[in-house]
Amino acid sequence: MVLSPITHCRRIRRLTYNDLEVIAGWDKDPEINRLTGRMAHEKDEMNEWWNNMMRDPSRMNFAITDNDGNLIGDVALEQIIWRTREAELRISIGNKAYWGLGYGTEAVMEVVALGFFVMHLDRIYLRVQEDNVRAIRSYLKAGFRKVARLVANGRLHGTVDLVLMEMSREG
Ligand SMILES: CC(C)(COP(=O)(O)OP(=O)(O)OC[C@H]1O[C@@H](n2cnc3c(N)ncnc32)[C@H](O)[C@@H]1OP(=O)(O)O)[C@@H](O)C(=O)NCCC(=O)NCCS
């Protein structure tokens with residue numbers, strides 16, 4: 001029997017269709033919506049959201065769970081470019097009761113390990129609002145480093161500037 005590498009993960013598992021409605025509810029929270037910038041989906045959009053996710057070879061989505069297996073958020077590798085072996089990480093712990101307890105850092109570390117050692121990516125990067133101190137602290141703990149400041153202009157004009165962070169397989 002061949003075990004999937006994700007079987008060995010403690011904080012993340014495969015995302016399922018049933019997770020989407022809960023995540024969509026969290027995404028409607030104005031604070032989470034501002035921090036993640038993710039579009040909030042309506043109930044009647046679940047099928048389309050799921051199908052788009054499953055069909056897209058440039059993204060891998062995972063659920064984040066607590067120690068009892070309850071869904072608390074989601075994390076993904078997106079914008080995967082297989083030729084250059086890089087991807088963008090996005091994460092949201094939608095259940096706010098779990099913020100600041102270490103779950104986010106653990107989930108990031110598990111996804112990064114899958115990215116580097118199972119998917120054989122060379123570089124994982126992320127963008128975070130510069131005032132999102134909790135997220136930046138968590139990414140630094142997971143091993144990301146700050147590489148640039150991205151000024152919010154164009155479509156993002158008037159919003160908070162972003163910090164680009166990255167991690168390479170070679171360290
Ligand atoms: C960002 C997120 C994934 C981090 O996960 P988490 O489980 O909350 O983070 P952790 O507990 O692993 O680490 C947070 C760290 O920030 C620190 N922290 C929390 N709030 C802080 C604050 N206001 N100022 C300074 N440090 C703070 C914590 O003390 C902890 O550091 P420590 O372990 O050295 O004490 C999670 O909070 C989340 O999903 N937030 C909402 C959506 C979001 O911001 N997504 C990221 C978009 S880029």
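**Fold, core and ligand shell of the predicted model**

Read from one end of the sequence to the other, the protein runs β-α-α-α-β-β-β-α-β-α-β-β. That makes five helices and seven strands. The model is a predicted one, so everything below is computed from predicted coordinates.

Start with the overall shape. The C-alpha trace spans about 50 × 40 × 35 Å along its principal axes. For 171 residues, a compact globule would be expected to have a radius of gyration near 16 Å, and the protein agrees, with 16 Å. Buried residues account for 27% of the 171. Among contacts with a separation of 6 or more, 53% link residues that sit 24 or more positions apart.

Next comes the strand pairing. Strand 2 (60-65) and strand 3 (71-81) run antiparallel and are joined by six bridges. One of the pairings puts Ala 63 opposite Asp 74 of strand 3. These two strands form a hairpin with five residues between them, and Gly 69 in the turn has a positive phi of about 85 degrees. Strand 3 also pairs with strand 4, again antiparallel and with six bridges. Here Val 75 has Ile 91 of strand 4 as its bridge partner. The hairpin of strand 3 and strand 4 has four residues between the strands.

That second hairpin holds a backbone oddity. Most residues other than glycine have a negative phi. Arg 85, in the loop between strand 3 and strand 4, goes the other way, with a positive phi near 60 degrees. Arg 85 has 16 other C-beta atoms within 10 Å, so it counts as partly exposed. His 120 also has a positive phi near 60 degrees, and it is found in the loop between helix 4 and strand 5. His 120 has 10 C-beta neighbours inside 10 Å, which means it counts as exposed.

Now for the inside. In soluble globular proteins, nonpolar side chains tend to be buried together. The largest nonpolar core here has 30 residues, and the members touching the most others are Ile 64, Val 75, Leu 89, Ala 107, Val 108, Val 111 and Tyr 139. Strands 2, 3, 4, 5 and 7 each supply at least two residues of this core, and so do helices 4 and 5. Helix 4 gives the largest share, five residues. Val 75 shows how these pieces come together: leaving aside neighbours within four places in sequence, Val 75 is in contact with Ile 12, Phe 62, Ile 64, Ile 91, Ala 107, Val 108 and Val 111. Among those contacts is Ile 91, the bridge partner of Val 75 in strand 4.

Finally, the ligand. It is surrounded by 21 residues, of which Ile 93, Gly 104, Thr 105, Ala 135 and Arg 137 are the closest. Four elements each supply at least two residues of this shell: helix 2 (30-36), strand 4 (86-92), helix 4 (103-117) and helix 5 (133-142). Helix 5 gives the most, with five residues. Sorted by class, the shell has 10 nonpolar, nine polar and two charged residues. Strand 4, helix 4 and helix 5 thus turn up in the ligand shell as well as in the largest nonpolar core.

Terms used
Residues are numbered from 1 along each chain as its sequence is written. This is a predicted model: local features need pLDDT of at least 70, side-chain atom pairs count only at pLDDT 80 or more; totals for chains, interfaces and linings use all residues. The radius of gyration is taken over C-alpha atoms; the globule rule is 2.2 Å times the number of residues to the power 0.38. A residue is buried if 20 or more other C-beta atoms lie within 10 Å of its own, exposed if 12 or fewer, and partly exposed in between; C-beta atoms are placed from the backbone. Two residues are in contact if their C-beta atoms, placed from the backbone, lie within 7 Å. A residue is near a molecule or strand if its C-beta atom, placed from the backbone, lies within 6 Å of it. Ala, Val, Leu, Ile, Met, Phe, Trp, Tyr, Cys and Pro count as nonpolar, Asp, Glu, Lys and Arg as charged, and the others, Gly among them, as polar. A nonpolar core is a set of buried Ala, Val, Leu, Ile, Met, Phe, Trp, Tyr and Cys residues joined through C-beta atoms within 7 Å. Two strands pair if DSSP finds at least two bridges between them.
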